Amino acid sequence: MRLSKMLFVTLREDPADAEIPSHKLLLRAGYIRRIGSGLYTYMPFMLRVLQKISTIVREEMNAAGAQELLMPQLQPSELWQESGRWDTYTKAEGIMFSLTDRQGREVGLGPTHEEVITAVARDMVRSYRQLPVNLYQIQSKFRDEIRPRFGLMRGREFIMKDSYSFHTNEDCLKETYARMHDAYCNIFRRSGLEFRAVDADSGAIGGSGSQEFMVLAEAGEDEVLYTEDGKYAANVEKAIALPTEPEVSQYTTYEKRETIGTNAIVKVCKVLKCSPTTVLKNVLYQVTFDSGMTAIAIVSLRGDQDVNEVKLQNELTKLAPHYKATTVIGLVVPDEEAQAKWTAKTLPLGYLSPAVSDDYIQGSTTVSPKFIRLVDPTAVELKNFVTGADEVNHHVVGANWGSEFTLPAVVDIRKAVAGDRAHHDNSQTLQTARGIEVGHIFQLGTKYSQAMNATFTNEQGEEKPFVMGCYGIGVSRLAQSAVEQSYDKDGIIWPVAIAPYHAVVVVPNVTDETQMAAAEKLYQDLNAAGVETLLDDRDERAGVKFKDSELVGIPFRIVTGKALKDGKVEVVIRSTKQAQEVAIEDVVKTVQQWVKEAIG
Ligand code: ATP
Ligand code: MG
């Protein structure tokens, strides 16, 4: 491609609305144009990057035995009604765009495709003989993200590779899951990314085992906790660890104490001169179920620790059947206005105990009259602890489970933090890093097949629900993550395998016929040899062209300049800025070899 013929516009200044380096660089180098919130046009260079990533994805998915198909983006609500996800995905916090067509039928724009693929399998797979199968597609997804940001990192329309596997049993699912894990490692390695597979929460998708693939970068929206020995890594949402040891409480007898103005842990610790590790804190949550019921939870944990709301939501979801519900659709720390809707009398907030009376709740047809009481295992171990006295400006000290307080249901709801000790090895402490989630693999089990009555006939002639897995890669997010991991003050440094072009031939002076002729020939020969090459034949100053090639991040630059008189050209490697003179007749071979080595 000749740059003189392309729509090629670069910006000198950082665009005002971009916060992170990769977003700024993709805008400045003309890869993407913002069309609206979370909506971008992929310009020709960007499209080439996306196509290269897609090719790598296809090669690895096909090699792992998956087949490509293409499902509709517009999905009938009926399928989502069957799985029970229509309301949770379209109402309140729902991320699915939905609309009503001219016949009054409700449809949604696909944020994911479990329902559609399950309907396909239900219709087409009858017998165990047809299993296992693994089907994938590469397609635009739509999500009404509450905070679209960072360019392609969190868009409202973005490209995803999603695949779904169907099995007769869990063991078979685990085999495919492991194969997908390996395929994902190959995809990210070949795309030139530094990444880590981490244990993950299964979220609204459901199911049991799941792992995320994180590109480590400061701009990541996720926190990863890991150990130096490489044996443990998890998303903080999922991470488990051993907390630091608590101090020994100085209180040995149970007493009520006046503690004026101590409605926060730091304050009570100051007044009672105690460690937060000897305090039991009790946090109030308002839980909304999809049945319309509201329940109030009182969650107890050690004073130095925080609630992991993802774990809490998962535990509360398990209780949903008690509230004639299937899932939790809202989880908030209620403010005064929210409390006013269900309190019978003012709560002594900041001074709650785990035994706070149910009388504070005004039960109704939509509000459960009893607290859900939960305690984290770490807090179960507390002895002679300090906690609220259910009376403003008062705490109790020297309290114990089993004597002064009945132990609530014990569930892991604590947020693991850097510095905690690892379960597998006490001497390893957790480290923290930021990560960008580029892929996610799940063992779904029978959640969708059961809900949608998607079955096959097993060897014994019985009807069984499919055991399923699902596997996603954010193709457009991956592209931007590569930039976030690889740039310098002058611009992007693409990994060779996903760069829009491998090389650019720059003509410093287009009016110089010798320069132009040499450049034309190199441009032709390089392309003929499979080195994807651009020709910068624009009538611009040489400095402008050099700057642009660095900004755009083409891996190899060939300059038909002064050295021509010696039969040479200058070749510059973008990543190291290393420049060398190469004899014209050796250029194709040399660059071809570099590309080959880089792509592997
Ligand atoms: P996140 O936690 O970042 O919102 P998710 O867990 O909801 O993502 P999945 O449902 O697992 O996402 O989707 C599969 C992959 O699609 C993700 O691993 C991610 O790479 C990508 N992805 C998800 N949401 C977006 C988005 N809004 N913009 C770009 N890529 C996305
Ligand atoms: Mg995910």
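Start by selecting Gly 155 and ligand 1: a backbone N or O atom of Gly 155 lies 2.9 Å from a nitrogen atom of the ligand. That is a polar contact, meaning a pair of N or O atoms within 3.5 Å; within protein, one must be able to donate a hydrogen and the other to accept it, and residues adjacent in sequence count only if both atoms are side-chain atoms. Before you go on, note that this is a predicted model, where local features need pLDDT of at least 70 and side-chain atom pairs count only at pLDDT 80 or more, while totals for chains, interfaces and linings use all residues. Residues are numbered from 1 along each chain as its sequence is written, chains are lettered from A and ligands numbered from 1 in the order in which they are written, and side-chain values use heavy atoms, with hydrogens and water left out.

**Around ligand 1**

Stay here and add Met 153, which has a backbone N or O atom 3.4 Å from a nitrogen atom of ligand 1. Then show Arg 477: one of its polar side-chain atoms lies 3.0 Å from an oxygen atom of ligand 1. If you display the whole surround, you will have 14 residues, the closest being Arg 143, Glu 145, Arg 154, Gly 155 and Glu 437. A residue is counted as near a molecule or strand when one of its heavy atoms lies within 4 Å of it.

**The magnesium ion**

From Glu 437, move to ligand 2. This magnesium ion is coordinated by Glu 437 (OE) and His 440 (ND1), at 2.2 to 2.3 Å. Donors are N, O and S atoms within 2.8 Å of the metal (3.2 Å for Na, K and Ca), and sites may look incomplete because water is not among the atoms. Colour by accessibility and Glu 437 comes out as partly exposed at 21%, whereas His 440 is buried at 11%. Here buried means under 20% relative accessible area, exposed over 50% and partly exposed in between (1.4 Å probe, protein chains only).

Now measure from His 440 to Ser 202: their C-alpha atoms are 9.2 Å apart in space, yet the residues are 238 apart in sequence. Ser 202 sits in the loop between strand S9 (195-199) and S10, and is buried at 10%. Helices (H or I, at least four residues) and strands (E, at least two) are DSSP runs, numbered from the N terminus.

**Along H6**

Next, select helix H6 and its 21 residues, which reach 30 Å from first C-alpha to last, close to the 30 Å expected at 1.5 Å a residue. The expected span is 1.5 Å times one less than the number of residues. At the start of H6, a side-chain oxygen of Asn 169 comes within 3.1 Å of the backbone nitrogen of Asp 171. Buried residues of H6 include Cys 172, Tyr 177, Met 180 and Phe 188. Just after the helix, Gly 192 has a positive phi of about 80°.

**Aromatic pairs**

The structure holds 17 aromatic pairs. Rings of Phe, Tyr and Trp (its six-membered ring) pair if their centres lie within 6.5 Å; planes under 30 degrees apart count as stacked, over 60 as edge-to-face and the rest as tilted.

Which kind of pair do Phe 45 and Tyr 501 make? Their ring centres are 5.8 Å apart with planes at 70°, so the pair is edge-to-face. Phe 45 belongs to helix H2 (residues 44-63) and Tyr 501 to the loop between strand S26 (491-492) and strand S27 (503-506), so the pair ties together parts that are 456 residues apart in sequence. Phe 45 is buried at 4%, and Tyr 501 is buried at 8%. Widen the selection to see the cluster that ring pairs form from Phe 8, Tyr 31, Phe 45, Trp 494 and Tyr 501. Add Arg 48, which lies over the face of Tyr 501 at 3.8 Å from the ring centre; a charge counts as over a ring if NZ of Lys or CZ of Arg is within 6 Å of the ring centre and within 35 degrees of the ring normal.

**Backbone stops**

Finish with the backbone. Leu 131 and Pro 132 are joined by a cis peptide bond, with omega about 0°. Phe 150, not a glycine, has a positive phi of about 60°, and is buried at 9%. Asn 453 also has a positive phi, near 55°, but is exposed at 57%.
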